[in-house]
Amino acid sequence: MNLDKNESLRTVFITGAGKRLGLKLTQFYLNLGWRVIAHFNSNNELEQKNSLTYHSIQANLDDKKAVEQLAEEILSLGWKVDLMIHNASCFFPDTKEDDSWQTLSKMMNVHVAAPQYLTMQLLPIFADKANVVAITDIYADLPNERFASYCASKSGLQNLMLSLAQRLAPKYRVNVIQPGPIQFLPEHQAEYREKVLSQSLLRKELGYQAIIDAVQYLAHAEAVTGSVMRVDGGRFVANKYEQSFI
(Lines give C-alpha, C1' and ligand atoms only; values in the text may rest on other atoms or scores of the structure.)
Protein backbone atom coordinates (compact mmCIF):
# COMPACT_ATOMS: atom_id res chain seq x y z
CA MET A 1 0.00 0.00 0.00
CA ASN A 2 2.72 2.45 -1.00
CA LEU A 3 0.80 5.73 -1.16
CA ASP A 4 3.59 7.96 -2.37
CA LYS A 5 6.95 7.41 -4.01
CA ASN A 6 8.08 11.00 -3.37
CA GLU A 7 11.11 10.51 -1.13
CA SER A 8 11.77 14.27 -0.76
CA LEU A 9 9.11 14.72 1.90
CA ARG A 10 10.14 14.35 5.53
CA THR A 11 7.97 12.12 7.72
CA VAL A 12 7.14 12.12 11.41
CA PHE A 13 5.40 9.33 13.29
CA ILE A 14 3.56 10.52 16.42
CA THR A 15 1.84 8.29 18.95
CA GLY A 16 -1.07 9.69 20.91
CA ALA A 17 -1.67 12.17 18.09
CA GLY A 18 -5.44 12.48 18.41
CA LYS A 19 -5.65 15.16 21.10
CA ARG A 20 -3.82 17.65 23.31
CA LEU A 21 -0.04 17.73 22.74
CA GLY A 22 -0.10 15.01 20.09
CA LEU A 23 -2.71 16.90 18.09
CA LYS A 24 -0.70 20.13 18.31
CA LEU A 25 2.43 18.31 17.15
CA THR A 26 0.50 16.83 14.22
CA GLN A 27 -0.83 20.23 13.15
CA PHE A 28 2.62 21.79 13.54
CA TYR A 29 4.34 19.29 11.27
CA LEU A 30 1.56 19.32 8.69
CA ASN A 31 1.92 23.10 8.53
CA LEU A 32 5.67 22.63 8.01
CA GLY A 33 4.90 20.48 4.97
CA TRP A 34 5.88 17.15 6.54
CA ARG A 35 4.07 13.88 6.10
CA VAL A 36 2.51 12.78 9.38
CA ILE A 37 1.68 9.26 10.53
CA ALA A 38 -0.70 9.88 13.42
CA HIS A 39 -1.50 7.14 15.89
CA PHE A 40 -4.50 7.58 18.19
CA ASN A 41 -6.16 5.36 20.76
CA SER A 42 -9.89 6.07 20.68
CA ASN A 43 -10.53 9.65 19.61
CA ASN A 44 -8.91 11.66 16.83
CA GLU A 45 -9.87 15.32 17.03
CA LEU A 46 -8.23 16.13 13.70
CA GLU A 47 -10.97 15.80 11.11
CA GLN A 48 -8.74 15.07 8.16
CA LYS A 49 -8.93 12.17 5.74
CA ASN A 50 -5.89 10.05 4.93
CA SER A 51 -3.91 11.49 2.05
CA LEU A 52 -0.43 11.57 0.53
CA THR A 53 0.76 13.63 3.51
CA TYR A 54 -1.37 12.38 6.40
CA HIS A 55 -2.23 8.90 7.60
CA SER A 56 -4.01 8.18 10.87
CA ILE A 57 -4.13 4.76 12.53
CA GLN A 58 -6.18 3.67 15.54
CA ALA A 59 -4.53 1.24 17.92
CA ASN A 60 -4.72 0.33 21.59
CA LEU A 61 -1.09 0.32 22.78
CA ASP A 62 -2.09 -1.92 25.68
CA ASP A 63 -2.89 -4.67 23.16
CA LYS A 64 0.11 -6.55 21.72
CA LYS A 65 -1.71 -7.62 18.55
CA ALA A 66 -2.93 -4.07 17.93
CA VAL A 67 0.64 -2.76 18.28
CA GLU A 68 1.89 -5.39 15.85
CA GLN A 69 -0.80 -4.39 13.33
CA LEU A 70 0.08 -0.72 13.81
CA ALA A 71 3.70 -1.42 12.90
CA GLU A 72 2.66 -3.50 9.89
CA GLU A 73 0.42 -0.74 8.54
CA ILE A 74 3.16 1.87 8.92
CA LEU A 75 5.65 -0.36 7.13
CA SER A 76 3.17 -0.89 4.32
CA LEU A 77 3.02 2.85 3.60
CA GLY A 78 6.53 2.83 2.19
CA TRP A 79 7.39 6.14 3.87
CA LYS A 80 10.82 6.76 5.37
CA VAL A 81 10.55 8.01 8.96
CA ASP A 82 12.73 10.99 9.85
CA LEU A 83 11.34 11.60 13.33
CA MET A 84 9.51 9.34 15.79
CA ILE A 85 7.75 10.94 18.76
CA HIS A 86 6.61 8.64 21.56
CA ASN A 87 3.90 10.85 23.03
CA ALA A 88 1.08 8.40 23.85
CA SER A 89 0.31 8.28 27.54
CA CYS A 90 -2.23 7.05 30.05
CA PHE A 91 -2.50 8.94 33.31
CA PHE A 92 -4.56 8.02 36.32
CA PRO A 93 -3.80 7.48 40.02
CA ASP A 94 -3.43 4.22 41.84
CA THR A 95 -6.30 3.44 44.20
CA LYS A 96 -6.90 0.76 46.80
CA GLU A 97 -9.83 -0.49 44.71
CA ASP A 98 -7.75 -0.99 41.55
CA ASP A 99 -6.09 -4.23 40.59
CA SER A 100 -2.49 -3.06 40.99
CA TRP A 101 -1.20 -5.79 38.66
CA GLN A 102 -3.58 -4.71 35.89
CA THR A 103 -2.87 -1.00 36.42
CA LEU A 104 0.90 -1.38 36.26
CA SER A 105 0.68 -3.78 33.31
CA LYS A 106 -1.35 -1.25 31.33
CA MET A 107 1.05 1.57 32.15
CA MET A 108 4.09 -0.51 31.23
CA ASN A 109 2.55 -1.68 27.97
CA VAL A 110 1.63 1.83 26.82
CA HIS A 111 4.73 3.62 28.09
CA VAL A 112 7.47 0.99 27.66
CA ALA A 113 6.58 -2.15 25.70
CA ALA A 114 4.84 -0.41 22.80
CA PRO A 115 7.53 2.27 22.30
CA GLN A 116 10.27 -0.37 22.31
CA TYR A 117 8.43 -2.62 19.86
CA LEU A 118 7.53 0.21 17.48
CA THR A 119 11.03 1.66 17.51
CA MET A 120 12.70 -1.63 16.73
CA GLN A 121 10.14 -2.77 14.15
CA LEU A 122 10.31 0.51 12.24
CA LEU A 123 14.12 0.70 12.11
CA PRO A 124 14.13 -0.66 8.52
CA ILE A 125 12.29 2.46 7.34
CA PHE A 126 14.28 5.00 9.36
CA ALA A 127 15.72 7.71 7.13
CA ASP A 128 19.37 8.69 7.35
CA LYS A 129 19.97 10.66 10.56
CA ALA A 130 16.49 9.81 11.85
CA ASN A 131 15.89 10.48 15.49
CA VAL A 132 13.52 9.48 18.28
CA VAL A 133 12.05 11.73 20.97
CA ALA A 134 10.11 10.33 23.93
CA ILE A 135 7.86 12.41 26.17
CA THR A 136 8.21 11.26 29.78
CA ASP A 137 7.50 13.39 32.86
CA ILE A 138 9.48 15.15 35.60
CA TYR A 139 8.01 12.48 37.86
CA ALA A 140 10.16 9.90 36.10
CA ASP A 141 12.76 11.10 38.60
CA LEU A 142 10.42 11.99 41.46
CA PRO A 143 8.43 9.42 43.44
CA ASN A 144 4.71 10.08 43.89
CA GLU A 145 2.80 7.58 45.99
CA ARG A 146 -0.57 8.43 44.45
CA PHE A 147 0.70 7.89 40.90
CA ALA A 148 3.23 5.14 41.62
CA SER A 149 2.40 3.02 38.56
CA TYR A 150 2.46 6.02 36.24
CA CYS A 151 5.78 7.27 37.61
CA ALA A 152 7.38 3.83 37.46
CA SER A 153 6.36 3.32 33.83
CA LYS A 154 7.50 6.79 32.75
CA SER A 155 10.81 6.11 34.46
CA GLY A 156 10.96 2.86 32.52
CA LEU A 157 10.34 4.70 29.25
CA GLN A 158 13.09 7.16 30.05
CA ASN A 159 15.62 4.46 30.84
CA LEU A 160 14.58 2.50 27.76
CA MET A 161 15.18 5.52 25.52
CA LEU A 162 18.63 6.12 27.03
CA SER A 163 19.46 2.47 26.41
CA LEU A 164 18.24 2.78 22.81
CA ALA A 165 20.42 5.87 22.43
CA GLN A 166 23.38 3.59 23.16
CA ARG A 167 22.12 0.80 20.94
CA LEU A 168 21.27 2.94 17.90
CA ALA A 169 24.29 5.26 17.98
CA PRO A 170 25.94 6.59 15.93
CA LYS A 171 23.43 6.09 13.13
CA TYR A 172 20.35 7.43 14.94
CA ARG A 173 19.77 9.78 17.87
CA VAL A 174 17.38 9.19 20.79
CA ASN A 175 16.41 11.80 23.39
CA VAL A 176 13.87 12.40 26.15
CA ILE A 177 11.74 15.40 27.10
CA GLN A 178 10.42 15.72 30.65
CA PRO A 179 7.43 18.10 30.66
CA GLY A 180 6.25 19.92 33.75
CA PRO A 181 3.08 22.04 34.06
CA ILE A 182 2.43 22.53 30.34
CA GLN A 183 -1.30 22.89 29.77
CA PHE A 184 -4.07 22.63 32.35
CA LEU A 185 -7.32 20.81 31.62
CA PRO A 186 -10.60 22.75 31.65
CA GLU A 187 -11.68 20.94 34.81
CA HIS A 188 -8.64 22.15 36.76
CA GLN A 189 -9.83 24.74 39.26
CA ALA A 190 -8.06 28.07 39.83
CA GLU A 191 -6.83 27.01 43.27
CA TYR A 192 -5.19 23.89 41.83
CA ARG A 193 -3.60 25.84 39.00
CA GLU A 194 -2.18 28.40 41.38
CA LYS A 195 -0.75 25.70 43.62
CA VAL A 196 0.94 23.87 40.73
CA LEU A 197 2.41 27.04 39.23
CA SER A 198 3.69 28.18 42.62
CA GLN A 199 5.87 25.06 42.62
CA SER A 200 7.83 26.16 39.54
CA LEU A 201 10.39 28.92 39.09
CA LEU A 202 8.75 30.60 36.10
CA ARG A 203 5.28 30.37 37.70
CA LYS A 204 3.38 30.28 34.43
CA GLU A 205 1.56 27.81 32.23
CA LEU A 206 4.09 26.96 29.54
CA GLY A 207 1.72 25.83 26.76
CA TYR A 208 2.13 23.13 24.14
CA GLN A 209 4.48 25.31 22.10
CA ALA A 210 7.16 24.85 24.76
CA ILE A 211 7.25 21.12 24.02
CA ILE A 212 7.06 21.66 20.26
CA ASP A 213 10.09 23.97 20.51
CA ALA A 214 11.96 21.33 22.52
CA VAL A 215 11.14 18.61 19.98
CA GLN A 216 12.35 20.85 17.17
CA TYR A 217 15.57 21.59 19.00
CA LEU A 218 16.31 17.90 19.55
CA ALA A 219 15.34 17.07 15.98
CA HIS A 220 17.96 19.48 14.67
CA ALA A 221 20.68 19.21 17.34
CA GLU A 222 22.94 16.68 15.64
CA ALA A 223 25.39 16.64 18.57
CA VAL A 224 22.71 15.69 21.11
CA THR A 225 21.71 12.11 21.90
CA GLY A 226 21.02 10.20 25.11
CA SER A 227 19.89 13.41 26.79
CA VAL A 228 16.99 14.22 29.13
CA MET A 229 15.62 17.73 28.62
CA ARG A 230 13.38 19.17 31.32
CA VAL A 231 10.75 21.57 30.00
CA ASP A 232 9.09 22.31 33.30
CA GLY A 233 9.55 26.00 34.07
CA GLY A 234 12.12 25.02 36.69
CA ARG A 235 9.67 22.94 38.69
CA PHE A 236 12.14 20.11 39.26
CA VAL A 237 14.64 22.41 41.00
CA ALA A 238 12.15 24.75 42.66
CA ASN A 239 12.88 25.58 46.30
CA LYS A 240 11.05 23.00 48.37
CA TYR A 241 12.03 24.59 51.67
CA GLU A 242 10.36 27.48 53.46
CA GLN A 243 13.39 29.70 53.12
CA SER A 244 14.85 32.10 50.59
CA PHE A 245 18.11 33.92 49.86
CA ILE A 246 18.24 37.30 51.59
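I started with the largest pocket and asked which elements build its wall: helix 1 (20-32), strand 2, helix 3, helix 4 (148-168) and helix 5 (190-198) each give at least two residues to the lining. Worth writing down straight away: this is a predicted model. The lining comes to 47 residues. I looked for the ones nearest the pocket's centre and got R20, S89, F91, D137 and Y150. The volume came out at about 1500 Å³.

Next, the sheet. I traced an open sheet of seven strands, and the order reads 3-2-1-4-5-6-7 with parallel pairing. Strand 3 (54-58) and strand 7 (228-231) sit at the edges, each pairing on one side only. I also checked the twist: neighbouring strands are turned by 15° against each other on average, ignoring direction.

Then I went through strand 1. On one side, strand 1 (residues 11-14) runs parallel to strand 2 (residues 35-40), and four bridges join them. V12 is the residue I clicked on there, and V36 of strand 2 stands opposite. Strand 1 is also joined to strand 4, again parallel, by three bridges. In that pairing F13 faces M84 of strand 4.

Which way do the side chains of strand 1 go? T11 and F13 point one way, V12 and I14 the other. That is the pattern to expect, because side chains in a regular strand alternate between the two faces of the sheet. I checked burial too, and all four of T11, V12, F13 and I14 are buried. I noted the connection as well: strand 1, helix 1 and strand 2 form a β-α-β unit, and its hand is right.

On to strand 5 (126-135). Is strand 5 largely enclosed or largely open? Eight of its 10 residues are buried, so the rest of the structure largely encloses this strand. Strand 5 pairs with strand 4 in the parallel sense over five bridges. I picked out V81, whose bridge partner in strand 5 is F126. Strand 5 also pairs with strand 6, parallel and over five bridges. There I found I135 opposite I177 of strand 6.

Helices over the sheet came after that. Helix 3 (residues 100-121) lies across strand 1, strand 4 (81-86) and strand 5, and I read its angle to strand 4 as about 175°. Helix 3 is also the link in a second crossover I looked up: strand 4, helix 3 and strand 5 make a right-handed β-α-β unit. Helix 6 (residues 208-220) lies across strand 4, strand 5, strand 6 (173-179) and strand 7. Its angle to strand 6 is about 160°.

Last entry, R203. Where does R203 lie? I found R203 in the loop between helix 5 and helix 6. Buried or exposed? Its relative accessibility is 57%, and the cut-off for exposed is over 50%, so R203 counts as exposed. Leaving out residues up to four places away in sequence, R203 touches L197 and S198. I also took a distance to S227: 24 residues along the sequence from R203, and 25 Å away in space, C-alpha to C-alpha.

Technical notes. Residues are numbered from 1 along each chain as its sequence is written. This is a predicted model: local features need pLDDT of at least 70, side-chain atom pairs count only at pLDDT 80 or more; totals for chains, interfaces and linings use all residues. Side-chain values use heavy atoms; hydrogens and water are left out. Two strands pair if DSSP finds at least two bridges between them. Axes are lines fitted to C-alpha atoms, for helices over the stretch in contact, and angles run from 0 to 180 degrees between N-to-C directions. Contact means heavy atoms within 4.5 Å. Buried means under 20% relative accessible area, exposed over 50%, partly exposed in between (1.4 Å probe, protein chains only). A crossover is right-handed if, with the strands pointing away from the viewer, the path from the first strand over the helix to the second runs clockwise. On a 1 Å grid over the protein atoms alone, a cavity is a set of points where a 1.4 Å probe fits but cannot get out, and a pocket is an open set with protein on both sides within 12 Å along at least five of seven lines; lining residues have an atom within 4 Å of a point. Grid points are joined across faces, edges and corners, and a volume is the space filled by probe spheres set on the points.
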